[in-house]
Amino acid sequence: MTWAQWAARAERSPWWRETLHALRDGAYWAWLVAVVAAVAVWIGRGMPSPATAAAVAVAAPLGAGAAAARAWRLTTGREAAERRAAAGAAWRRWLALYGVLAAVIPALAAGAVLPVLLAAAVLAELAVLTIPARARARLLARLRIGAAAVAGGEDVRVGRALWRGRRLLQVHVTYPATWAAHKSVRRDELVERLMWELCGPPPRTPAEAIARPDYLTGWNHIHTRLEVYRVPPLPRLVPARDWPRPPGALVLGVTTADLADLAADDGTPLALYRPAAHLLVVGATQHGKSSGVRAWAVDGLTHGLWPGGLWGADGKGSGSLAALIGRRGVHAIAHRPDEWREVIAGQVIPEVTRRYAEMLAWRSGQAPTRPHHPRALLILDEIQQILLACPDLADPLNTLARQALEAGVVIWVLTQRPDARDAVPGALRDQLVDRVTFGPLSGSGARMAFDIAGEDWHRALGVAPVPGRALSWLDGTWRTIQAPWLPIPADDPAADPLYPPRDPAGPWPPRSSPDRPPTPPRRPPDDSGDPSGPPPPRRPPASPSAAYDPADPHAHRRRRRRTDD
């Protein structure tokens, strides 16, 4: 085994890491080492000679000063705060080392071996006992150095830290009042630096991903500080099941107790979601985005949230929604460009057009009954792939996003990179009011995903990369959730009972509801009050659909002609 392999193996050893930490942290407690060693020497052989004390008093500052100058020179090009911190650490370490050597060498030369060994044993025990305290001090020092490097001054203070063992639960980073905290670029840089110090680089293994903590941040401009809080731990895996819930809501996942909407029978805190707006779902591969959305869609189908049915367009073609094909309440699941066009332009847009025509007929007095439009769902998985293969669908989708919600059609858009130019068009993204992200995001990705939430988008930087771990912005509330994990029945047949039953009659009719039959039109009562008899024939609207055609990108700019009285 080569020296490099031995070094790499030693770095992975927790004993070696703690030994190095103990030696490096000696800058803060090695004065005690020197004092204890000197006392041991004095007890064994008496006071050191004046010549030895004078040599140490001269050599120690000179050696420590040389080490500080070397550290200052090696950090050329860095921030002044980082250079001063490195020079100060080198000064303290070498000064403590000279003090230890001045106490130990005379003791060994005088034959006082036993007192020195006893002192070394005491100090080793002290190093073991102070592991948590030294780990806390190291983390706070890194936060202080990082914040000072960004804020550009020594006035940065790190305090009010709350701990549970070696876990940091809360810390306040106070920045100088003269720092340009009003600029979003400066605030973003400080948050990213602190998240780097708290969470480290992106994980390389599943074990590192599981160990990565979740943190949220908030700005307190009155006290000029950044407040960092650790999110309470959530379960690593939440198998999907049929949780009891109030009508009209689906289970978004498990959340913290203080933000829960409902507690399950076993006390599990649950977050509920009542779809009332379009939803943007962002997350990289292997973070549980497709499984979570599939679980939400199935939960809504089985509990009557989509009485108007469900359409799906799988831009990846990976089959993440294939388990819904042929299920009760599912119109169609598309996997190819021709199927995407059929679902979006051939089914959803005509359905929204028909509903707009019925609404116009009712509001204009041309229809005797109010139209019943059961809520439906359209899932666009990996929308950038859909628009890349079908660029002609960009304008229809923009118009559809503006008009679908009033017609009772909710759209869920899934993407990996919301900051990419071809990911989500701006006109469509502005209509996606509800936002959910899976796993951690880059600074630009988090800013684009939560641009609608103001300056709190940096919360998405501290989400742990655990499959199913998500951060939601719904109804103006931030929540960290663990989304349900719903396997595909082809992979796990035990999950099939959680899905809607298969419809033996073929494709589900788009205008009927699985839970409530369509309401027959009622004829208004005549003067005698008898509503019996067949209803009058329904008058078709005078071609209102042309003005509300979702396929027309300029349908929302309809002119109103002024009429003179």
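Guide: Before we start: contact here means heavy atoms within 4.5 Å. And this is a predicted model.

Visitor: Fine. Which residues does Leu-380 touch, leaving out those up to four places away in sequence?

Guide: Leu-380 touches Ala-313, Ile-344, Ile-386 and Leu-397. It also touches Ile-411, Trp-412, Val-413 and Leu-414.

Visitor: How many residues are in the largest nonpolar core, and which have the most contacts inside it?

Guide: That core has 41 residues. Leu-380 and Leu-400 have the most contacts inside it.

Visitor: Which helix gives the most to this core?

Guide: Helix H11, residues 337-363, with 8 residues.

Visitor: What about another core?

Guide: One of 35 residues lies apart from the largest. Leu-250, Leu-301, Leu-324 and Leu-486 are among its members.

Visitor: Switching to the sheet. What is the strand order?

Guide: S1-S2-S4-S3, in an open sheet of 4 strands with antiparallel pairing.

Visitor: Why is one side of S1 and of S3 left without a neighbour in the sheet?

Guide: Strands S1 (157-164) and S3 (215-220) stand at the edges. Each has a single partner strand, so one side stays free of a neighbour in the sheet.

Visitor: What does the twist average?

Guide: 15° from one strand to the next.

Visitor: How many bridges pair S1 and S2?

Guide: 6, in the antiparallel sense; S2 covers residues 167-174. Leu-168 in S2 is the bridge partner of Trp-163.

Visitor: Which helix lies across S1 and S2?

Guide: H7, residues 131-151, running at about 145° to S1. Helix H8 (residues 184-199) packs on the sheet too, touching S2, S3 and strand S4 (225-230). The direction of H8 makes about 145° with that of S3.

Key: Residues are numbered from 1 along each chain as its sequence is written. This is a predicted model: local features need pLDDT of at least 70, side-chain atom pairs count only at pLDDT 80 or more; totals for chains, interfaces and linings use all residues. Side-chain values use heavy atoms; hydrogens and water are left out. Two strands pair if DSSP finds at least two bridges between them. Helices (H or I, at least four residues) and strands (E, at least two) are DSSP runs, numbered from the N terminus. Axes are lines fitted to C-alpha atoms, for helices over the stretch in contact, and angles run from 0 to 180 degrees between N-to-C directions. A nonpolar core is a set of buried Ala, Val, Leu, Ile, Met, Phe, Trp, Tyr and Cys residues joined through side-chain atoms within 4.5 Å. Buried means under 20% relative accessible area, exposed over 50%, partly exposed in between (1.4 Å probe, protein chains only).
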